[in-house]
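Notebook open, coffee poured. I want to go through this chain bit by bit and jot down what I look up.

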Amino acid sequence: MNRLSRTLSAALGLALSAGLAALPTTAAAAPAQGYTASSYAGSAAEDADNQAFFEAVMKSALAKQAAAPFVKAVVVTYDASSAPTFRNQIAQSAQIWNSSVGNVQLRSGSAADFRYYEGNDARGSYASTDGHGRGYIFLDYKQNRQYNSTRVTAHETGHVLGLPDHYSGPCSELMSGGGPGTSCTNPYPNSAERSRVNSLWSRG
């Protein structure tokens with residue numbers, strides 16, 4: 001997993017396999033920091049990118065919810081069609097988050113608020129936004145073989161819901177990412193993370 005990093009950047013330079021030609025063209029030029037090893041501590045720029053992705057997804061989801069104000073939870077729609085290898089992990093990640101929080105729910109469908117992609121990238125898995133309300137999560141093959149794949153996917157999805165990285169945290173903390181090492185397989189957010197997501201989405 002080399003220096004697996006994670007970020008939500010305003011554009012990213014991907015050297016992806018040929019099957020990823022469908023990646024947004026606006027995503028073709030920015031660094032990505034992703035799900036990382038314990039030697040990497042993150043940065044203020046990554047935190048800002050994470051926040052930008054969260055805000056873009058929330059804006060998109062709330063705009064659609066305005067047409068159905070009677071719906072209590074905000075529904076965030078994702079498209080996993082460009083990450084078929086990780087179909088099960090993505091579905092498990094959505095189920096984990098949906099059973100953990102009540103103010104926002106993840107659903108697979110069209111008119112997606114964000115998308116998942118897969119491929120090879122030395123930087124590992126990460127989330128990214130183009131700064132215009134569109135974002136995606138990239139899942140790296142090698143990293144997902146070294147680390148628990150459902151944990152990686154749930155961690156990256158946590159950024160979509162508004163959580164920052166906290167690599168120095170324990171294995172029980174989902175957003176500690178790769179910090180606890182490859183032996184950590186926990187894919188569930190802890191009580192503080194669940195509370196934070198519910199709080200963020202309760203106010204829109």
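My entries follow, from the whole chain down to single residues.

**Entry 1: what I have**

I'm working from a predicted model. I looked up the fold elements and found five helices and five strands. Going along the sequence, I wrote the order down as α-β-α-β-β-β-β-α-α-α.

I then checked burial for the whole chain: of its 204 residues, 53% are buried. The accessible surface is about 8600 Å², and carbon and sulfur atoms hold 53% of that. I also pulled up the contacts with a separation of 6 or more, and 68% of those are between residues 24 or more positions apart.

**Entry 2: the disulfide**

How many disulfides does the chain have? I get one. It joins Cys 171 and Cys 184, with the sulfur atoms 2.0 Å apart. The two cysteines are 13 residues apart, and both sit in the loop between H4 and H5. A note to self on the chemistry: a disulfide is a covalent bond between the sulfur atoms of two cysteines.

I looked up the handedness too: the link is right-handed, with 90° about the S-S bond. Next I asked how covered each end is. Cys 184 has a relative accessibility of 2%, so I put it down as buried. Cys 171 comes out at 28%, so I list this end as partly exposed.

**Entry 3: Ser 176**

I stayed in that part of the chain and picked Ser 176, which is in the loop between helix H4 (149–160) and helix H5 (191–203). Is Ser 176 buried or exposed? It is buried, at a relative accessible area of 0%.

Where does its side chain go? I traced it to the backbone oxygen of Pro 170, at 2.9 Å. Leaving out residues up to four places away in sequence, I find Ser 176 touching Arg 151, His 155, His 166, Tyr 167, Gly 169, Pro 170 and Cys 171. I underlined Cys 171 there, since that residue is one half of the disulfide with Cys 184.

**Entry 4: aromatic rings**

I counted six aromatic pairs in the structure. One of them is Tyr 117 with Tyr 136, edge-to-face, at 5.4 Å centre to centre and 85° between the planes. Tyr 117 belongs to strand E3 (residues 114–119) and Tyr 136 to strand E5 (residues 135–140), so this pair ties together parts 19 residues apart in sequence. Both tyrosines are buried.

Tyr 126 and Phe 138 also pair up, but stacked: 5.2 Å centre to centre, with 25° between the planes. I find Tyr 126 in strand E4 (residues 126–129) and Phe 138 in strand E5, 12 residues apart. I checked burial here as well. Tyr 126 is buried at 0% relative accessible area, and Phe 138 is buried at 0% too.

I also noted a cluster, in which ring pairs link Tyr 78, Phe 114 and Tyr 116.

**Entry 5: Arg 107**

Last stop was Arg 107, in strand E2 (residues 104–108). Its relative accessibility is 39%, so I have it as partly exposed. Beyond the residues up to four places away, Arg 107 touches Val 75, Val 76, Thr 77, Tyr 78 and Asn 98. Tyr 78 I had already met in the ring cluster with Phe 114 and Tyr 116.

How far is the C-alpha atom of Arg 107 from that of Gln 95? I read 9.3 Å, with the two residues 12 apart along the chain.

Methods: Residues are numbered from 1 along each chain as its sequence is written. This is a predicted model: local features need pLDDT of at least 70, side-chain atom pairs count only at pLDDT 80 or more; totals for chains, interfaces and linings use all residues. Side-chain values use heavy atoms; hydrogens and water are left out. Helices (H or I, at least four residues) and strands (E, at least two) are DSSP runs, numbered from the N terminus. Buried means under 20% relative accessible area, exposed over 50%, partly exposed in between (1.4 Å probe, protein chains only). A polar contact is a pair of N or O atoms within 3.5 Å; within protein, one must be able to donate a hydrogen and the other to accept it, and residues adjacent in sequence count only if both atoms are side-chain atoms. Contact means heavy atoms within 4.5 Å. A disulfide is a pair of cysteine sulfur atoms within 2.5 Å. Accessible areas come from the Shrake-Rupley method with a 1.4 Å probe; for residues, only the protein chains shown count as cover. Rings of Phe, Tyr and Trp (its six-membered ring) pair if their centres lie within 6.5 Å; planes under 30 degrees apart count as stacked, over 60 as edge-to-face and the rest as tilted.
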